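Please find below a short note for a colleague who is meeting this structure for the first time. It should be read beside the sequence and the model.

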Amino acid sequence: MLRHALIVTPFLFAACASPLANPDIVGNEVTFSTAEVRTTEPSADPAPADAVFTQSKTVVYQAPPAQPPRRQRQRFSLKGGYLSSNEDGFDDGIIINGAWMRPLSDIVASEVEVGYMDASGSHKGIDRDVWAIPIMANGRVNVPLGEKLEVYGGLGLGWMYFNADADGLGVSVSGDGFLFAGDAYFGGDILLGESFRLGLEGKYYATDNSSDLDGGLDSYVVLLTLGFDR
């Protein structure tokens, strides 16, 4: 018995000293499987659902350069209308003018005007047939109101050549001559197309007196104007 105990005892110590594992026996080899430990890095927290990131862009609107104001050009105008004499013995009549305007600056211009006016009438039984040619040099100020509209005014000095015939009460008289004259006027016009202008003008003429006329040729005038810029 003692001999059997001594033989078995070494095997018991060997069994107790071996590691606790689940051996895989393949042929004469013994292998042990171990569990793999995988380390997973934590993913970044997703952005909150309600967080919206936008990149703002500033859009700068550059207005087109302003158009320079329309500069004055030389202008020829035809004017015609109604004449109302301020003198006794003359009826209302007609007047036709031609004027040439030349700009001196953006708003100031010079103007030369030549016309024809008829102011016949009757006074104290004497019939008068009077016509006159005004020749005026004017200074004029033009004020643009936008691209198309313009108002203006001016003053001038000159001469008025007249021819007068008077018949009645057994008397027949004729005479002619020059009267010193002045004028003042204002008006407005509108640009149609590139160079054509349509407008209305009011004017007053004041003259010296003449014995042939028994007065002067003071008168109020209303004119329709047609202008051509060049």
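The points below take up confidence, layout, surface and core.

1. This is a predicted model, in which local features need pLDDT of at least 70, side-chain atom pairs count only at pLDDT 80 or more, and totals for chains, interfaces and linings use all residues. Residues are numbered from 1 along each chain as its sequence is written, and side-chain values use heavy atoms, with hydrogens and water left out.

2. The average pLDDT (the predictor's confidence in each residue, from 0 to 100) is 77, and 66% of the residues score at least 70. Residues 1–6 fall below 50 and have zero contacts (heavy atoms within 4.5 Å) beyond near neighbours in sequence. Residues 10–37 also stay under 50, with 12 contacts beyond four places in sequence. Where pLDDT is low, the predicted coordinates should not be read in detail.

3. The protein contains one helix and 11 strands (DSSP runs of H or I, at least four residues, and of E, at least two, numbered from the N terminus). In sequence order, the helix precedes the strands.

4. Of the 230 residues, 30% are buried (under 20% relative accessible area, 1.4 Å probe, protein chains only).

5. The largest nonpolar core (buried Ala, Val, Leu, Ile, Met, Phe, Trp, Tyr and Cys residues joined through side-chain atoms within 4.5 Å) has 18 residues, of which Ile95, Met160, Phe162, Leu213 and Leu217 touch the most other members. Strand 7 (126–145), strand 8 (149–168), strand 9 (171–192) and strand 11 (219–229) each supply at least two residues of this core.

6. Not counting residues up to four places away in sequence, Met160 touches several residues, including Met117, Phe178, Tyr205 and Leu217.

Conventions. Buried < 20%, exposed > 50% of the residue type's maximum accessible area, 1.4 Å probe, protein only.
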